[in-house]
Amino acid sequence: RDVGLRDSHIESGDDNVVIKEDTHSVFGENLSFHFGKGVAIGSLGERDNGKQVVSNIAFRRVSLTKTLFGARIKTWQNSAATVQNVSFEDFKLLDVGQAAIIDQQYCPKSQRPEGCGASPQGQDR
């Protein structure tokens with residue numbers, strides 16, 4: 001709770017910044033991300049532990065270069081996860097795969113090789 005991230009350069013092979021379950025009041029500004037997967041909220045809802053809420057998250061003035069995503073919100077299918085009051089402002093993207101994604105059918109093969117019982121597109125994420 002009440003986390004600030006400012007004036008930082010982050011290179012990664014995974015999410016550059018990740019916000020996980022039961023996180024509130026995170027603010028990031030003047031950030032530079034290279035490689036990796038950008039800003040991620042989640043994944044949420046894989047385990048039903050009652051703390052699947054993320055709220056009051058704001059990122060502004062973020063530069064992303066050669067990342068897979070800009071901003072991504074990931075929830076497992078059929079989860080009761082809640083994401084509220086989130087903003088992504090003034091993102092500059094250079095050679096980024098997808099600017100923003102909200103994936104409510106998250107089910108990566110690396111975590112669930114057997115799949116999640118969803119349609120085939122849900123199993124490839």
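**View 1. Contacts that span the sequence.** In this predicted model, residues 24 or more positions apart make up 69% of the chain's contacts with a separation of 6 or more. Keep that figure of 69% in mind as you trace contacts between parts of the chain that lie 24 or more positions apart.

**View 2. Strands and no helices.** Here you can follow the secondary structure: the chain has eight strands and zero helices. Walking along the sequence gives the pattern β-β-β-β-β-β-β-β.

**View 3. Overall dimensions.** The C-alpha atoms fit a box of roughly 40 × 30 × 20 Å, taken along the principal axes. Why does the radius of gyration agree with that of a compact globule? A compact globule of 125 residues would have a value near 14 Å, and the chain has 14 Å, so the two agree.

**View 4. Inside and outside.** Of the 125 residues, 39% count as buried. On the outside, the accessible surface of the chain amounts to about 6900 Å², with 45% of this area belonging to carbon and sulfur atoms.

**View 5. Charged side chains.** Look here for 15 positive and 16 negative side chains. The centres of these two sets lie 1 Å apart.

**View 6. Confidence, and a stretch to read with care.** The chain averages a pLDDT of 90, and 92% of the residues score at least 70. Over residues 118-125, however, pLDDT stays under 50. For this stretch the model has 19 contacts beyond four places in sequence. Where pLDDT is low, please do not read the predicted coordinates in detail.

Key:
Residues numbered from 1 in each chain as written. Predicted model: local features only at pLDDT ≥ 70, side-chain atom pairs only at ≥ 80, totals over all residues. Heavy atoms only, no water. pLDDT = per-residue confidence, 0-100. Contact = heavy atoms within 4.5 Å. Helix = DSSP H or I, 4+ residues; strand = E, 2+ residues; numbered from the N terminus. Rg over C-alpha atoms; globule rule 2.2 N^0.38 Å. Buried < 20%, exposed > 50% of the residue type's maximum accessible area, 1.4 Å probe, protein only. Areas by Shrake-Rupley, 256 points an atom, 1.4 Å probe, with all protein chains shown as cover. Lys, Arg positive; Asp, Glu negative; His and termini not counted. Charge placed at Lys NZ, Arg CZ, Asp CG, Glu CD.
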